[in-house]
Amino acid sequence: MAAADAERRRIERDLHDGAQQRLVALAVKLRLARRLVDADLDQARGMLDELRDEVKDAVEELRNLAHGIYPPLLLDQGLAAALGSAAQRATIPTRVEAGPVGRYPADLEAAAYFCCLEALQNAMKHAGPEATAVVRAWEEGGTLRFSVSDDGAGFDPAARAGGTGFVNMADRLGAIGGNLRVDSTPGGGTTVVGVLPLAR
């Protein structure tokens with residue numbers, strides 16, 4: 001029963017942190033496309049073509065998660081490639097600085113990837129439309145580290161420390177010996193930093 005419950009929670013987190021990020025981005029882009037219909041029909045058509053492809057990708061990711069498989073790009077090419085793909089789907093300008101990073105055990109790669117997606121999703125939802133983001137991943141002192149920073153609205157961490165997204169990220173990292181830190185100030189942007197031990 002404990003194993004089944006743990007697996008259910010894992011799938012729930014993967015759906016929340018992975019597929020939901022894609023769907024939130026799609027919803028934002030659909031709103032933009034609706035505005036463009038009246039202003040620039042050709043650009044709206046182009047955006048709708050892109051959205052069609054992104055819907056196919058979201059369906060594929062849901063299918064993979066339903067089979068208990070984490071994202072194929074993460075499996076095939078590793079963390080740097082998977083984060084690069086996530087940045088391309090983001091609705092705010094996002095840069096990835098990943099390196100030098102190699103391949104790691106599947107649970108470490110999945111934890112870092114899904115935490116980065118959750119943090120990036122939070123930035124897209126709360127940082128503001130003019131914000132930009134930077135996703136980093138690197139090795140340091142026997143650990144795999146990652147950060148997601150934005151230059152947006154920021155917030156008071158004491159007021160939102162118990163938010164579902166932060167709890168999910170902290171739980172995911174804590175389950176494999178890692179930890180999470182969130183730095184933010186109102187008007188000063190937000191940085192989420194995760195640390196995972198490589199030797200366990």
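Let's start at one residue and work outwards: leaving aside its neighbours within four places in sequence, E61 touches G18, A19, R22 and P71. Please keep in mind along the way that this is a predicted model. E61 sits in helix α2, which covers residues 41-66. Is this glutamate buried or exposed? With a relative accessible area of 5%, E61 is buried, because the cut-off for that label is under 20%. E61 also comes together with a part of the chain that is far off in sequence: 46 residues separate E61 from L15, yet their C-alpha atoms are 9.1 Å apart in space.

Stay in helix α2 for a moment and look at V59, which belongs to that helix too. V59 has a relative accessibility of 40% and therefore counts as partly exposed. V59 and A19 are 40 residues apart in sequence, and the distance between their C-alpha atoms is 8.5 Å. A19 is also one of the contacts of E61.

Now step back to the whole chain. How many helices and strands are there? The chain has seven helices and five strands, and reading along the sequence gives the order α-α-α-α-β-α-β-β-α-α-β-β. Of its 200 residues, 42% count as buried. If you take the contacts with a separation of 6 or more, 71% of them are between residues 24 or more positions apart.

T91 offers another example of distant parts of the sequence meeting. You will find T91 in the loop between α4 and β1, the latter being residues 94-98. T91 has 27% relative accessibility, so this threonine is partly exposed. Along the chain T91 and V28 are 63 residues apart, while their C-alpha atoms are separated by 7.2 Å. Apart from neighbours within four places in sequence, the contacts of T91 are A25, V28, K29 and M124.

M124 takes us into helix α5, which runs over residues 106-126. How does this helix lie against α7? Helix α5 packs with helix α7 (residues 164-174) at an angle of about 170°, and the two axes are 10 Å apart. The pair is therefore roughly antiparallel, and the crossing is left-handed. On the α5 side the contact is made by A110, A111, F114, C115, E118, A119 and N122, and on the α7 side by G165, F166, M169, R172 and L173. Sorted by class, these are eight nonpolar, two polar and two charged residues.

From here it is natural to turn to the interior. In soluble globular proteins, nonpolar side chains tend to be buried together. In this model the largest nonpolar core has 28 residues, and the members that touch the most others are L79, L83, Y113 and L196. At least two residues each come from α4 (79-89), α5, β2 (133-140), β3 (143-150), α7 and β5 (190-197). Which element gives the largest share? That is α5, with ten residues of this core.

L196 is a good residue to click on. Setting aside neighbours within four places in sequence, L196 is in contact with L108, A111, A112, G142, T143, L144, L173, I176 and G178. Two of these names, A111 and L173, also appear where α5 meets α7. Finally, there is a second, separate core of eight residues, including L120, A123, A127 and A131.

Methods: Residues numbered from 1 in each chain as written. Predicted model: local features only at pLDDT ≥ 70, side-chain atom pairs only at ≥ 80, totals over all residues. Heavy atoms only, no water. Axes fitted to C-alpha atoms, helices over the stretch in contact; angles between N-to-C directions. Helix = DSSP H or I, 4+ residues; strand = E, 2+ residues; numbered from the N terminus. Parallel < 35°, antiparallel > 145°, perpendicular 65-115°, else oblique. Left-handed = near helix turned anticlockwise from the far one by under 90°. Contact = heavy atoms within 4.5 Å. Nonpolar A, V, L, I, M, F, W, Y, C, P; charged D, E, K, R; others polar. Core = buried A, V, L, I, M, F, W, Y, C linked by side-chain atoms within 4.5 Å. Buried < 20%, exposed > 50% of the residue type's maximum accessible area, 1.4 Å probe, protein only.
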